[in-house]
Amino acid sequence: MRKKLRTVFTLLSILVAFLLFGMLQGVNATFSRGVEGAHLDRLIVQGKVNMTDQLPLAYRERIASVPGVTGITVASWFGGYYQDTKNSIFSFPVDAATYFDLFPEIVLPKAQLEALQKTRTGAVIGRKLAETYNWKIGDTIPIKSTIWTKADGTSNWEFQVVGIFENPQDTSQEQRLFFNNDYFDEARGFDKGLIGWYSVHIDNPAHAGAVSKAIDDLFANSDHETKTVTEKEFTQSFLKQLGDINFIVSAIIGAVFFALLFLTGNTMMQSVRERIPEFAILKTIGFPNLTVLALVVAEGLVLSIIAAALGLAGSAAAFPLLEGVVGVAHLPASVLALGLFYAVLLALVTTLLPGLRVARLNLVDALGGR
């Protein structure tokens, strides 16, 4: 507390760094959780060049006949938004008769699934999406697409909400909207008879490589060659369409902590240097070297942990503002734990050097202020 203003500014610097860390790493952890939660017994059949290549719907029966395949369904990326392009709606035209059987983690009441199959312009939405826009069953919602136009040339699509689903395993998936692929194929103005990808269920995850190769061999040298990957690989590829989130987050956090390391380290060294005679007195009256070292390290730990805790608390309080983007309303506990670990590491790295200097003081020179 000798230099109160310097201490406050140092604390604020660490606080802001960990506030940024909590927000960015929270987003990264949420997206990573979606990748890690991918099922090992599901494969994705997509275009060979990239996931934007459409595949013929006629491939379905041939893929279903491959040994090891126990289920198959279709889906496409719709690129929808509500009212404004910043209000992205993760929308997918799917085969309602088979899609939800292949994805049992999506909990949709049977009556609502039947309503989707019977309603040409019907759609089912996630619980989080319904809460975000106060949508309810029976509402007609207008969705625009950044990709698909209707036969009349407009990109305005209207869907009747006939069901609300939940995903207890991953609530971030409750930001999605599913509607009938039959209606989508009939109403769109181009690429009729094509779909974005096939989701394939296999009998054993250990057979994933063999089944993937068998599927791709079916369509080798055709006009629409395929690339079959695991659901995890597909999810990673899908996220990279938005950018390499993990690299971006790591680069920003790395730059911030590198700067913070120099700032805090310089502050601690200056603070210790100003008190050299006092540390010498402590050693003169009997304080052992290890105790003096512990005192310096403890100072850094107190400052770093308090500032980091405040910063992470701010991140946790602000994280619900990102729910519309990541689909999760709370900062993952793993991020909080990692942040506190980094706070301890930061304190140790910045205090060990000045602490060791104090522990090795030459008492005569130190008491003389040299």
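**Group meeting: rings, cores and strands**

Okay, let's start with the aromatics: ring pairs link Trp77, Phe90, Phe92, Tyr99, Phe100, Phe103, Phe165, Phe178 and Trp197 into a cluster. Before I go on, please remember that this is a predicted model. Across the model, the count of aromatic pairs comes to 27.

Let me pick out two pairs. In the pair Phe18 and Phe21, the ring centres are 6.1 Å apart and the planes sit at 65 degrees, so this one is edge-to-face. Both residues are in helix H1, residues 4-36, and because they are three residues apart there, about one helical turn separates them. As a reminder, an α-helix has 3.6 residues a turn, so residues three or four places apart point the same way. Are Phe18 and Phe21 buried or exposed? Phe18 is buried, at 0% relative accessibility, and Phe21 is buried too, at 2%.

The other pair is Phe78 with Trp157. Here the centres are 5.4 Å apart with the planes at 85 degrees, so again we call the pair edge-to-face. What does this pair tie together? Phe78 lies in the loop between S3 and S4, while Trp157 belongs to strand S8, so the contact joins parts that are 79 residues apart in sequence. Phe78 has a relative accessible area of 0%, so it counts as buried, and Trp157 is also buried at 0%.

Trp157 has a charged partner as well: Lys150 lies over the face of its ring, 5.6 Å from the ring centre. There is another case of this kind, with Arg188 over the face of Trp148 at 5.1 Å from the ring centre.

While we're in that loop, have a look at Gly79. It is found between strand S3, residues 69-75, and strand S4, residues 80-81. Gly79 is buried, with a relative accessible area of 6%. Which residues does Gly79 touch, not counting those up to four places away in sequence? They are Ser91, Lys144, Ser145, Thr146 and Ile147. For Ser91, which is 12 residues along the chain from Gly79, the C-alpha to C-alpha separation is 6.5 Å.

Now, the nonpolar cores. The largest one has 21 residues, and the members that touch the most other members are Tyr99, Phe100, Ile106, Val124, Phe178 and Trp197. At least two residues each come from strand S5 (88-94), helix H3 (96-102), helix H4 (110-118) and strand S8 (156-165). H3 gives the largest share, four residues. Then there's a second, separate core of 20 residues, with Ala123, Ala130, Ile143 and Leu177 among its members. For general background, nonpolar side chains tend to be buried together in soluble globular proteins.

Tyr99 is worth a closer look. Leaving out neighbours within four places in sequence, Tyr99 is in contact with Thr73, Val74, Ala75, Val94, Ile106 and Phe178. Of those partners, Ile106 and Phe178 are also on the list of core members with the most contacts.

Leu116 also makes a good stop. This residue is in helix H4 and is buried, at 0% relative accessibility. With the same neighbours within four places set aside, Leu116 contacts Ala96, Phe100, Gly122, Ala123, Val124, Val162, Phe178 and Asn180. The C-alpha atoms of Leu116 and Val161 are 8.6 Å apart, although the two residues are 45 places apart along the chain.

On to the strands, and S9 in particular. Why do we call S9 largely enclosed by the rest of the structure? Four of the five residues in S9, residues 176-180, are buried, so that description follows. S9 pairs with S5 in the parallel sense, over five bridges, and Ser91 has Leu177 in S9 as its bridge partner. S9 also pairs with strand S6, residues 122-126, in the antiparallel sense over three bridges. There, Ile125 stands opposite Leu177. So Leu177 is a bridge partner of Ser91, stands opposite Ile125, and belongs to the second core.

Last item: helix H11, residues 289-318. H11 has 30 residues and reaches 44 Å from its first C-alpha to its last, close to the 44 Å expected at 1.5 Å a residue. Its buried residues include Val292, Val296, Gly300, Leu303, Ala307, Gly311 and Ser315. That's what I have, so over to you.

Notes: Residues are numbered from 1 along each chain as its sequence is written. This is a predicted model: local features need pLDDT of at least 70, side-chain atom pairs count only at pLDDT 80 or more; totals for chains, interfaces and linings use all residues. Side-chain values use heavy atoms; hydrogens and water are left out. Buried means under 20% relative accessible area, exposed over 50%, partly exposed in between (1.4 Å probe, protein chains only). Contact means heavy atoms within 4.5 Å. A nonpolar core is a set of buried Ala, Val, Leu, Ile, Met, Phe, Trp, Tyr and Cys residues joined through side-chain atoms within 4.5 Å. Two strands pair if DSSP finds at least two bridges between them. Rings of Phe, Tyr and Trp (its six-membered ring) pair if their centres lie within 6.5 Å; planes under 30 degrees apart count as stacked, over 60 as edge-to-face and the rest as tilted. A charge sits over a ring if NZ of Lys or CZ of Arg is within 6 Å of the ring centre and within 35 degrees of the ring normal. The expected span of a helix is 1.5 Å times one less than its number of residues.
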